[in-house]
Amino acid sequence: MKRATFPPREEGRLYLTEGGIETEIMYKDGFELPHFAMFPLLDIPEAVTAMKAAWRRMLKTAADTGLSVVMNGLDYRASPDWGALLGYSPDGLATMQHRSIDFLRDLAAEFEDHIDKIIISGSIGPRGDAYSLNRTITADEAQEYHSVQLATLKEAGVDMAWAMTFNNVPESIGVTRAARDAGLPLGMGLTLDSTSRMKSGPALGEAITAIDAETDYGPDFFAVNCSHPLEFEPALDDGAWQDRLRSIRPNASPMDKISLCRLGHLEDGDPVELGQQMADVARRMPQLDIFGGCCGTDERHLKEIGIEVGKLRGITTGQELAK
């Protein structure tokens, strides 16, 4: 199958994507996420209102800072094992995937006159816990498993898929091959822990090099998400592999990831400091062009990142939308 590709880097174009939507919906809006899944909230009208407000704040931030957008986020848990655990049949899960993408597409339409480019993406989470080792999964098993969700995303007409918080090489290889088979561009998102390595052991550069070697440079780009600058910066060794890295979505706090999800409140750190830290990273790594956030971040952090990185890259501020 001929595969589409994610747009190449363009001078003067930066992309903004979501912050920590899950932690925001849980701790600011008070909705429970069963097994950390967002898409079941589509059946709760009050939650839909809260989610729309969160995404609109992100989109307005992109418009105000002159950035393009990659939208994704509800379907991180919309894979077979998690769907069954949540009580969905295969057909029911596919329906929720389509509804998740329609949700994003409808919101994007509201901002099409204010944002130059909006890309709609499906989110792929790991088969197991993102913060456990999950060493037993093989590349072949991962390819078969993730092909189900990716096939539905293809039917839903997404522009790309984004694998988030993967922590081992074999599963990353498998999901990359599955995306290739589905004909979808793929962002391959890896997460690092407090040792500045993946939970399964490899350094970031080792993992990216191994995934590329086993997939013939299959991912359209690599990303780091759910890691604070104090965790990922030591992994940036100026190796040739870094040119494959286009996106970083940091946590607001360096606190342990599992703790961040179990605190019972939002640990949001210092948005201004995070914006400055990401500008420092962007100065060091000019190939980065997709920025967002993860646990604890919201539109405040996105605004600071957008402003600071935008100034560095010469992006003019967009037209202020009506508040």
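# Notebook: a buried loop serine, helix α6 and the salt bridges

I began with Ser 79 and looked up what it touches: leaving aside residues up to four places away in sequence, its contacts are Leu 93, Tyr 145 and Gln 149. I note at the outset that this is a predicted model. Ser 79 sits in the loop between β2 (68-71) and α3 (80-85). Is Ser 79 buried or exposed? I found a relative accessibility of 0%, and since buried means under 20%, Ser 79 counts as buried.

**Entry on Asn 168 and the start of α6**

I next turned to Asn 168, which I located in the loop between β4 (160-166) and α6 (169-182). Its relative accessibility is 3%, so I entered Asn 168 as buried. What does the side chain of Asn 168 reach? I traced it to the backbone nitrogen of Glu 171, at 2.9 Å, and I recorded this as a cap on the N-terminal end of α6, the atom on the Asn 168 side being a side-chain oxygen. For a sense of distance across the model, I also took the C-alpha to C-alpha separation of Asn 168 and Ile 305, which is 28 Å in space for 137 residues in sequence.

**Entry on helix α6**

I checked the length of α6 against expectation: its 14 residues, at 1.5 Å a residue, should span 20 Å, and because the end C-alpha atoms are 20 Å apart, the two values agree. How many of the residues of α6 are buried? I counted 11 of the 14, so that the helix is mostly covered, buried being under 20% relative accessible area. Among the buried residues I listed Val 169, Glu 171, Ile 173, Val 175, Arg 177 and Ala 182. I then asked which elements the buried residues of α6 pack against, and I found β3 (118-124), α5 (139-156), β4, β5 (186-190) and α7 (204-215). After the helix comes Gly 183, whose phi I noted as positive, near 80°.

**Entry on strand β5 and its neighbours**

Following the chain onward, I looked at β5, where 5 of the 5 residues are buried. Leu 186, Met 188 and Leu 190 point one way from this strand, while Gly 187 and Gly 189 point the other way. This brought to mind the general pattern that side chains in a regular strand alternate between the two faces of the sheet.

I then recorded the pairing of β5 with its two partners:

- β4 and β5 run parallel and are joined by 4 bridges, and I identified Gly 187 in β5 as the bridge partner of Trp 162.
- β5 also pairs in the parallel sense with strand β6 (residues 221-227), over 4 bridges, and here Met 188 stands opposite Phe 222 in β6.

The chain crosses from β5 through α7 to β6, and I noted this β-α-β crossover as right-handed. For β4, α6 and β5 I likewise entered a right-handed β-α-β unit.

**Entry on salt bridges**

I closed with the charged pairs, having in mind that side chains of opposite charge can pair when their charged atoms come close. How many salt bridges does the structure hold? I found 24.

I looked up three of these pairs in detail. Asp 243 forms a salt bridge with Arg 9, with the closest N and O atoms 3.9 Å apart; the pair links distant parts of the chain, 234 residues apart, Asp 243 lying in the loop between α8 (229-232) and β7 (245-250) and Arg 9 in the segment before β1 (15-16). Asp 243 is partly exposed at 46% relative accessibility, and Arg 9 is partly exposed at 36%.

Glu 24 forms a salt bridge with Arg 57, the closest N and O atoms being 2.6 Å apart, and this pair joins helix α1 (residues 21-27), which holds Glu 24, to helix α2 (residues 45-65), which holds Arg 57, across 33 residues. I noted Glu 24 as buried, with a relative accessible area of 2%, whereas Arg 57 is partly exposed at 30%. Both residues belong to a network of salt bridges that also links Lys 28, Asp 268, Asp 298, Glu 299 and Arg 300.

The side chains of Arg 180 and Asp 181 also meet in a salt bridge, at 3.7 Å from N to O. I entered Asp 181 as partly exposed, with a relative accessible area of 41%, and Arg 180 as partly exposed at 38% relative accessibility.

Technical notes
Residues are numbered from 1 along each chain as its sequence is written. This is a predicted model: local features need pLDDT of at least 70, side-chain atom pairs count only at pLDDT 80 or more; totals for chains, interfaces and linings use all residues. Side-chain values use heavy atoms; hydrogens and water are left out. A salt bridge is a side-chain nitrogen of Lys or Arg within 4 Å of a carboxyl oxygen of Asp or Glu. Helices (H or I, at least four residues) and strands (E, at least two) are DSSP runs, numbered from the N terminus. Buried means under 20% relative accessible area, exposed over 50%, partly exposed in between (1.4 Å probe, protein chains only). A polar contact is a pair of N or O atoms within 3.5 Å; within protein, one must be able to donate a hydrogen and the other to accept it, and residues adjacent in sequence count only if both atoms are side-chain atoms. The expected span of a helix is 1.5 Å times one less than its number of residues. Contact means heavy atoms within 4.5 Å. Two strands pair if DSSP finds at least two bridges between them. A crossover is right-handed if, with the strands pointing away from the viewer, the path from the first strand over the helix to the second runs clockwise.
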